[in-house]
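Here is a short report for a reader who is new to this structure. It goes from domains to chain contacts, then to one chain as a whole.

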Amino acid sequence: MSISKLSKTDFKEFVDGLLSSGKMVMGVQAHGERFAFDVLKSAGDLRLDYDVTILPPKKYVLPQVETLLTYTLPEQYKSQYQEGEMILLGVHPYDMAAINQMDILFSQDQYDTHYMLRRKKMTIIACDVATPSKNVFAASMGTATVHEGYDILLTDIGDAYVIEAATDKGRSLVQGAAGLANASAQDEAARQAVWDKNKIELNKHPLKCKPSDIPALLDKAYNHPVWDEKARTCFACGSCNTTCPTCYCFDVQDDVSWDRTAGKRYRAWDGCLLENFATVAGNHNFRKARADRFRHRLYRKGKYVPAKIGGRIACVGCGRCITACIPDIANPVAIYNRLVEDLGVAPKK
Amino acid sequence: MSKPRVAIFDFACCEGCQLQIVNLEEEILDLIGAVDVVEWREAMAETSEEYDIAIIEGSITRPEDEDRIRTIRSRAKILIAIGACATIGGINKLKNNFDLDEVRNCVYGEAGQMEHLETGQTKAVDEVVKVDYKVHGCPMTGSEFAYVVRCLLMGKTPEIPDYPVCVECKMKENVCRWEYGEICIGPITRAGCGAKCPSAGFRCFGCRGYVDNPNVEAAKEVMDKYGLTVDDLRSKLVLFGSKQRPTYE
Amino acid sequence: MCDCCSVEKEKDIYLPEPASINACRMLNGTEMYMHIGLDSGKPLGHAPGQFVEVSVAGIGEAPLTVASSPTQSGFELVVRNVGRVSGAMHGMTAGHKLGIRGPFGSIYPVDEMKGRDLVFICGGIGLVPQRAFINYVLDNRSDYGEVVILQGTKCYADRLFCDEVAEWCARDDVQLLETIDLPDKQWDGNVGVVTTLIPKIGVDLKKAGVLVCGPPIMYKFVLMSLMEQQVPMDHVFLNLERRMKCGVGKCGHCQINGLYVCQSGPVYRYSDLAGVPEAI
């Protein structure tokens, strides 16, 4: 790990240098009145002061639609892999934490080459949050800061960025940047101050228990009335899934050419809130009730996925589902807090 | 496998959905190459009484239309309804909110009493005959139509979305129209359009009809939350939602 | 993340292996039987209870539990025409190509059950996955105790593997009881649902291994009956069908509560399903 710093002017030069070298850079930019990751064309468009993007950078790690195979008929299949390297620039700690989870999920048990190859060709430049969004609660989930997964971490300390290059990929990228200087003890203290502040301020919806209490809390909550109460106004629109940085369920479909000699098999984002997520051939739906699907999402975040990834809670506190939910029922903190109040955090006897 | 014989028919409509077929551009050549078009009033002079697939645009609004669609159905192995007029009745169903004599008088004045202007309640095609597949939208989504035809060529049931427009709207990274205080009916409307209207800065008008199981009970509470009323919502549903029947069988 | 190893060396878990249909025939009005071999000539390498993802290019994939014992050459599938892939398979004949991924999922307790009595409770098409284990047991007959097969079918015309069932029935080391829900003139045997056969079993249920497979509705009633007879929950094994789309524990469709059926199932020990309310 090497810690250095770049003045904001030099940083702009550095980014323009990346762009002129022909690298594909996906950076955070203004998107109407909000922010979004998009192809970065000029360092001037980069907005590292953003609060939150509408969609998480998941859209690059697990694309909305991804061709897995092509084939010629009958039954000659060929694996397809995404070509090219990509730099993600401006990933917030909570989104980094989400990508770290997905890295485990797609590499454990059965190794997903499509996901993993893309990840290996990706360089992630994370950045600490400069402006809290209106619904962020990362501090409650322990993801206000992040210390793994990225190649480079940027922290805005006023007139400069502290730059931590954590991997060889990261080091080779910043190496030789004009104006690069070693970070002083003062700079590191300024970075620590940003972390300390974010650990307090990124908390618009404080959770009334430790994240590690959530699995045991849910052990007692399966038949709690909150699921029906909330799901009564659920549109099953899946916006809480679509905007979630840790949701990774997908559907697989086929499409063929007009002459029916060739085709492709692709996966596309899916969501467990959608009506037919658990419907099998023959039309039996194993999770027909909205309340059951609603509960399933909160259990995945708080219990099922954590069991697969060493206890990490699969909600990183980005607050996107809260913003996206029209009837305002998706807020995980509101639900978990309600359960804490009604059931207490002591484990089930 | 020999090429399926396809016939395209129009009823009460603006013919905009047939235009979507023409708008397939390069793909139209692939389409014409994959099927044998035997009747298509808008594009050719020939007619036929023998076809495998009948494609129907428009809604059924007159008694004689009902006879005509039944004849077409009896000749076709597969019948596809294209566009909102055919799949849900569409804008034509606005008429069903009024007295029929009043409608005739309003549109044609005294001439409205002439026999050939006789009119009935507007019906979606599936209110008269069995419809095998529906390509929703006003106009229908051209790429979805192409996908449905390719599926039928493969002998497989196409997957038509049964989830709301919100899914595709979020994927486009649009700011939710509700945040602007608009009544967008995307949350109860069937996706498949790629959220075209919200992506262009408009609310969803609901042209693809409701999802199979829309949460109508949520309406009042959600309206209250946004300081709106159910009547406000109704006024937005009237354009495509008038007397809409469930879109599933 | 490790940058040094090359990911391409890893196998693509979504890539089907080419396979061919050696023979196929209709078993009744709705179920088609297929005998399949991998084009590589290698055995599938499955154990009883496991499933494969059958791929038809241009159509999609569907999970199907292997119907045959690994003690036989090639493997067999039985498919009901209920979806896109199964519909396409129903249009196929010997010589047609298919893609196969797998085998995936958990297996029947073939070793644990050695020396024990076995009771197979099958409803309708539930006979198909069970058949893989039944034939495995019959091919290793001396390893196991008594074998009881209960088969319930909706109507006479729906009966599956009639010749094979007749062969099992004729054996003196198998007790086979069959019942039909809605009998017609062709049937003069037991009438009613499969649970009505449970009291007629000639072995001590409490000591036997009980293997259950059938439509979703059947499990509830069979389990109620078994619990009434005080069969220990850890002696009971259920084969659960879900929407196993990717087959490799990623896509999320088959999940019942915290369990990915494609990984920890489809065969479950009933006692492991306590606290999994979505299972039954």
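Domain bounds here come from an automatic or database domain assignment. The model itself is predicted.

**Chain A: two domains**

Chain A is divided into domain 1, residues 2–201, and domain 2, residues 211–343. Their C-alpha centres lie 25 Å apart. Across the boundary, 32 residues of domain 1 of chain A are in contact with 29 residues of domain 2 of chain A. On the domain 1 side, three elements of chain A each supply at least two residues: β4 (65–72), α3 (93–107) and α5 (138–141). By class, that side of domain 1 of chain A has 19 nonpolar, ten polar and three charged residues.

**Chain B: two domains**

Chain B also has an assignment into domains: domain 1 covers 5–154 and domain 2 covers 166–241. The centres of these two domains of chain B, taken over C-alpha atoms, are 26 Å apart. Eleven residues of domain 1 of chain B are in contact with nine residues of domain 2 of chain B. The domain 1 side of this contact in chain B divides into five nonpolar, five polar and one charged.

**Contacts compared by class**

The table lists the class make-up of one side of each contact.

| Side | Touches | Nonpolar | Polar | Charged |
|---|---|---|---|---|
| Domain 1 of chain A | Domain 2 of chain A | 19 residues | ten residues | three residues |
| Domain 1 of chain B | Domain 2 of chain B | five residues | five residues | one residue |
| Chain A | Chain B | 13 residues | ten residues | eight residues |
| Chain A | Chain C | 23 residues | eight residues | eleven residues |

**Chain A and its partners**

Take chain B as the partner. Here 31 residues of chain A are in contact with 31 residues of chain B. In chain A, β3 (34–39), α10 (239–242) and β11 (250–256) each supply at least two residues of the touching side. The largest share of that side, three residues, comes from β11(A).

Now take chain C. In this contact, 42 residues of chain A meet 39 residues of chain C. The elements of chain A that give two or more residues to this side are β4, β5 (76–79), α3, α4 (113–120), α6 (168–174), β11 and α11 (290–308). So which classes make up the side of chain A that touches chain C? It divides into 23 nonpolar, eight polar and eleven charged residues.

**A helix pair in chain B**

Two packed helices are described by the angle between their axes and the distance between the axes. In chain B, helix α9 (residues 218–225) and helix α10 (residues 230–241) pack at an angle of about 110°. Their axes are 9 Å apart. Angles from 65 to 115 degrees count as roughly perpendicular, and α9(B) and α10(B) are therefore roughly perpendicular to each other. From α9(B) come Ala219(B), Lys220(B) and Met223(B). They meet Val230(B), Asp232(B) and Leu233(B) in α10(B). This contact of α9(B) with α10(B) has four nonpolar, no polar and two charged residues.

**Chain B as a whole**

Chain B has ten helices and five strands. Its C-alpha atoms fill a box of roughly 55 × 50 × 30 Å, taken along the principal axes. With 249 residues, a compact globule would have a radius of gyration near 18 Å. Chain B has 19 Å, which agrees. Buried residues make up 45% of the 249 residues in chain B. Among contacts in chain B between residues at least 6 apart in sequence, 75% join residues at least 24 apart.

Conventions
Residues numbered from 1 in each chain as written. Chains lettered and ligands numbered in written order. Predicted model: local features only at pLDDT ≥ 70, side-chain atom pairs only at ≥ 80, totals over all residues. Contact = placed C-beta atoms within 7 Å. Nonpolar A, V, L, I, M, F, W, Y, C, P; charged D, E, K, R; others polar. Axes fitted to C-alpha atoms, helices over the stretch in contact; angles between N-to-C directions. Helix = DSSP H or I, 4+ residues; strand = E, 2+ residues; numbered from the N terminus. Parallel < 35°, antiparallel > 145°, perpendicular 65-115°, else oblique. Rg over C-alpha atoms; globule rule 2.2 N^0.38 Å. Buried ≥ 20, exposed ≤ 12 C-beta atoms within 10 Å, placed from the backbone.
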